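Q: Please take a close look at one part of this structure for me. Pick a single element, go through it step by step, then set out what else there is to know about the rest.

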Amino acid sequence: MASRLDRYFQHTRTWRTEKQRLRAILLDFPLTEELKWRQPCYVFEGANVVIVGGFKQTVDLGFFKGALLDNPHGLLVPPGPHSQASRQLRFTSVEEIEEKEPIIRATIENAIEVERAGLRVDFKQKHELELVAELLAKMEAAPEFKAAFEALTPGRQRGYNLFFGAAKQSKTRAARIEKHAARIFEGKGMHDR
């Protein structure tokens, strides 16, 4: 695996120097370096802890259980508005990485301690899902649809609800529900084949 990762860091097209600097920091910790989702991922005792990612504007360290980490400097941010567990440290240059190295190291140490302690993120939103009105109306009108939707995994239910609710107009929300009804009856999530 090391040779694949060495090649990754030598040939990555975006943020090469910044990723190499982050790798040097990460390799100082008792983490196993693996290639997952085509990105360098750092694992502690079989559990994913942090992943290195490069985007248009930033290079990031993504912490899988970032919501449980200390964030005294306010630098850990959720990757998106619906993120519950993960948090990112974002950088735009090697100089910024070097300037914030003590914070990076403290955050990595904290993430390892979270894994060592066996802590888990409480996904409250999965238990407190507020369904969009059009979905509730469809469930009330068709009990078999309600049963099929409730048989989906919580993650699939949440994914559909977010997608349906993202539409601004009620008629668009209703149309999305109708379009995906067959998939829901099949027990499939939005992105399942």
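A: Buried, here, means under 20% relative accessible area; exposed means over 50%, and partly exposed lies in between. The model is predicted.

Take helix 8, residues 154-165. Start with its length. The expected span is 1.5 Å times one less than the number of residues. For the 12 residues of helix 8 that gives 16 Å, and the end C-alpha atoms are 16 Å apart, so expectation and model agree. Now look at the side that is covered. Q157, R158, Y160, N161 and F164 of helix 8 are buried. Viewed down the axis of helix 8, the buried residues fall within an arc of 165°, so they line one face of the helix.

Next, the other helices. Helix 6 (residues 133-141) packs with helix 7 (residues 143-151) at an angle of about 120°, and their axes are 5 Å apart. That makes helix 6 oblique to helix 7. On the helix 6 side, the contact involves L135, K138, M139, E140 and A141. They meet P143, F145, K146, F149 and E150 in helix 7.

Helix 9 covers residues 170-185 and holds A182. A182 has a relative accessible area of 47%, which means that it is partly exposed. A148 is 34 residues from A182 in sequence, yet the two C-alpha atoms are 9.8 Å apart in space.

Then the sheet. It is open, with 5 strands in the order 1-2-3-4-5, and the pairing is antiparallel. Strand 1 (32-36) and strand 5 (87-91) are the edges, each pairing on one side only. On average, neighbouring strands are turned by 25° against each other, direction ignored. Strands of a sheet pair through backbone hydrogen bonds, parallel or antiparallel.

At one edge, strand 1 pairs with strand 2 (residues 39-44) in the antiparallel sense, over 5 bridges. There E34 stands opposite C41 of strand 2. At the other edge, strand 4 and strand 5 run antiparallel and are joined by 5 bridges. L61 faces L89 in strand 5 there, standing opposite it. Of the 5 residues of strand 5, 4 are buried, so strand 5 is largely enclosed by the rest of the structure.

Finally, helix 2 (residues 16-26) lies across strand 1, strand 2, strand 3 (47-54), strand 4 (59-63) and strand 5. Helix 2 runs at about 160° to strand 3.

How values were computed
Residues numbered from 1 in each chain as written. Predicted model: local features only at pLDDT ≥ 70, side-chain atom pairs only at ≥ 80, totals over all residues. Heavy atoms only, no water. Pairing = 2+ DSSP bridges. Helix = DSSP H or I, 4+ residues; strand = E, 2+ residues; numbered from the N terminus. Axes fitted to C-alpha atoms, helices over the stretch in contact; angles between N-to-C directions. Contact = heavy atoms within 4.5 Å. Buried < 20%, exposed > 50% of the residue type's maximum accessible area, 1.4 Å probe, protein only. Arc of directions from axis to C-beta. Parallel < 35°, antiparallel > 145°, perpendicular 65-115°, else oblique.
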